[in-house]
Amino acid sequence: MLRYALTRLLSLSLSLIAASVAIFAAIEVIPGDPAAYMLGLNAAPETVAVLRDELGLSGSVWARYLDWISGLATGDFGISYTYRVPVAELVAQRLAVSLPLAAYALALSTAIALPVGLWAAARRGRGADLGIMAATQLGIAVPNFWFAMLLVLVFAVKLRWVSAGGFPGWEAGLGPGLKALTLPAVALALPQAAILARVMRSALIETLGQDYIRSARAKGLSRAQALRRHAFRNALIPVLTILGLQFSFLLAGAIIIENVFFLPGLGRLIFQAITQRDLIVVESVVMLLVFAVILVTFLVDLAYAAVDPRLKRR
Amino acid sequence: MSARPNLIAGGVISGAVLTLAALSLVWVPHDVTALNIAERLRPPGGPYLLGTDQLGRDMLAMLMVGARSSIAVALVAVGIGMGAGVPLGLMAAATRGGWLDEIVMRMNDLIFAFPALVIAILITAILGPSALNAILAIGIFNIPVFARVTRGAALGLWTLDYIRAAELAGKGRARISTEHVLPNIANLLIVQATIQFSLGILAEAGLSYVGLGAQPPTPSWGRMLAEAQTMIYTAPRLAILPGLAIVLTVLGLNLLGDGLRDALDPRLRRAAR
């Protein structure tokens, strides 16, 4: 297990280095000088030079890359060009909204999808199964931000159960915070749950055709028991793969959904940063998102080994 | 047996959307660039089949032209993904286990860590927002998908006797890849292209919704939704119609993909998600 984990960890580090080089290079090719941009057209060249030093923009490309990357490693993301506060501070505030939102949605989607998939697989070919499959087909086709708008229309505009958006902040307490995130999380979770339920169902049906399930049935287990005790665990590998992939979709989705509900998350930060050409913020947030995706891939790889011990020996 | 309804329903829906989009090139019910404040927020009916928006533009015409942008972006993005991904996948499979295979697969893993939205954010930061960004971002995102599918399917073929025979006959790997491997995985690629096409429509909608796609005055479904958001209390119809157009198109393409998969290759049916 340790060797398996170490190889995966090595591959994680290499991916991170490659990704950071790619992001840095992409931002590096952008023409224009952020310092000149910030100070406006009439700034004296000397003032611009001082600001360039302050922002860490002078020096060779390599020196700047190493500066940036070592900063990231120690939590120093640099200073935002427009807000004039440490990027780490900005990002931390916004992450406190985006991360709980993505996690909330992931939990919801898993909690809905796994039982539904299991239920559909157990009733394969019957009315309930066909109904669920039709519903998931529809769920896959619905853009989550449009679904979010429909939820606002129904629950905020027509029924007036919740406010149409905004976030009171965690200082207001856990309850109000979660309440503000519930509609966005549902909007994110349901389309994802449709995909996950389909994967769960087909993985279960695949395993139900295996010989060991027939043996389990032959020794007297009911269909439902065989499903729960033997098929479920074996069906988890494809489900884990999709869960890992979904996390990156959820993060990206969270960034878009935040716009529907006016949530002060990473999404709002990055879109503002793009329009204001606050490149250091763009660079850091993109790196953070990519880091999250790579980290989740790594965790999924470890989870594979926990679910299927055969993989450890590879 | 169950393949037919999917194929027919998917074909009809996709065909209808494509026809409306193509029709918009030569004819639309009303000009989408002309603003007509006097006719703003007209309910459906009369000269405006689906009503007008907050600037007096005909919703049906906007949806038709929007279909064109969505389809163009998704189609070119699939083209980029296939054009780069398929040759890479074929090469990786032909040199399986070699350094080329390793490089292609690691590059794939790397691109996989960049969701299309993140690529779009980076490109927009560099080039500014435009429909081209959406095409590039979704296209780049498609490359590893096609490379992976191609490699996986091609690897299985390389162990088969007729490929070994071609090798023994002295054909090079590149020639075998194009003459024997590619035709045999074409079905799979067509099905994958349909799936990526529908994902592309969804992605384009999302990108143009947050302002990273087509720019005004070009109508796009995503931007229509973004503009409708402020009107949701007074004219919910403006937010409902473009969403329905997206759902219908994506649903049609997904059904078409499922139907094609079942019709083209019954062996794939079991592996279907």
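Helix H12 of chain A, in this predicted model, is largely enclosed by the rest of the structure, because 21 of its 29 residues are buried. The helix covers residues 279-307. How far apart should its ends be? At 1.5 Å a residue, H12(A) should span 42 Å, and its end C-alpha atoms are indeed 42 Å apart, so expectation and model agree.

**What the record says about chain A**

The UniProt record, an unreviewed entry, helps a newcomer get oriented. It places "domain: ABC transmembrane type-1" at residues 95-300 of chain A. In the model, that span is 83% helix and 0% strand, with end C-alpha atoms 22 Å apart. The unreviewed UniProt entry also marks "transmembrane region" at residues 101-122, 134-157, 177-197, 235-257 and 285-307 of chain A. At the start of the chain, the UniProt annotation "signal peptide", again from an unreviewed entry, covers residues 1-25 of chain A.

Here is how some of these annotated spans look in the model:

| Span in chain A | Helix | Strand | Distance between end C-alpha atoms |
|---|---|---|---|
| Residues 1-25 | 96% | 0% | 36 Å |
| Residues 134-157 | 92% | 0% | 29 Å |
| Residues 285-307 | 100% | 0% | 33 Å |

**Rings that meet**

Now for the aromatic side chains. How many aromatic pairs are there over all chains? The count comes to eight. One of them is formed by Phe145(A) and Tyr209(B), a stacked pair with 4.5 Å from centre to centre and 20° between the planes. This pair crosses between chains: Phe145(A) sits in helix H7 (residues 144-158) of chain A, and Tyr209(B) sits in helix H7 (residues 173-209) of chain B. Are these two partners buried or exposed? Phe145(A) counts as buried because its relative accessibility is 2%, below the 20% cut-off. Tyr209(B) is buried too, with a relative accessible area of 6%.

Phe155(A) and Trp161(A) make another aromatic pair, this one tilted, with 5.5 Å from centre to centre and 45° between the planes. Phe155(A) counts as partly exposed at 25% relative accessibility, whereas Trp161(A) counts as exposed at 58%. The value for Trp161(A) is over the 50% cut-off, which is why the label is "exposed".

Elsewhere in chain A, ring pairs link Phe24(A), Trp62(A), Tyr65(A) and Trp68(A) into a cluster. Phe24(A) belongs to this cluster and also falls within residues 1-25, the span that UniProt annotates as "signal peptide".

**Two places to visit in chain B**

Which residues form a nonpolar patch on the surface? They are Leu20(B), Leu23(B), Leu25(B), Val26(B) and Trp27(B), and together they have about 540 Å² of accessible area. One of these, Leu23(B), lies in helix H1 (residues 3-26) of chain B. Leu23(B) is partly exposed, with a relative accessible area of 33%. That value is over the 30% needed for a residue to join a patch, so Leu23(B) can take part.

The other stop is Pro144(B), in helix H5 (residues 131-158) of chain B. Pro144(B) counts as buried, because its relative accessibility is 1% and the cut-off is under 20%. Where does chain B bring Leu110(B) relative to this proline? Pro144(B) and Leu110(B) are 34 residues apart in sequence, and in space they are 9.1 Å apart, C-alpha to C-alpha.

Conventions. Residues are numbered from 1 along each chain as its sequence is written. Chains are lettered from A and ligands numbered from 1 in the order in which they are written. This is a predicted model: local features need pLDDT of at least 70, side-chain atom pairs count only at pLDDT 80 or more; totals for chains, interfaces and linings use all residues. Side-chain values use heavy atoms; hydrogens and water are left out. Patches are made of residues with over 30% relative accessible area and no salt bridge: like charges are joined within 9 Å, nonpolar side chains (Val, Leu, Ile, Met, Phe, Trp, Tyr) within 5 Å. Accessible areas come from the Shrake-Rupley method with a 1.4 Å probe; for residues, only the protein chains shown count as cover. A salt bridge is a side-chain nitrogen of Lys or Arg within 4 Å of a carboxyl oxygen of Asp or Glu. Helices (H or I, at least four residues) and strands (E, at least two) are DSSP runs, numbered from the N terminus. Buried means under 20% relative accessible area, exposed over 50%, partly exposed in between (1.4 Å probe, protein chains only). The expected span of a helix is 1.5 Å times one less than its number of residues. UniProt positions are given in the numbering used here, feature names are shortened, and annotations may be inferred rather than shown by experiment. Rings of Phe, Tyr and Trp (its six-membered ring) pair if their centres lie within 6.5 Å; planes under 30 degrees apart count as stacked, over 60 as edge-to-face and the rest as tilted.
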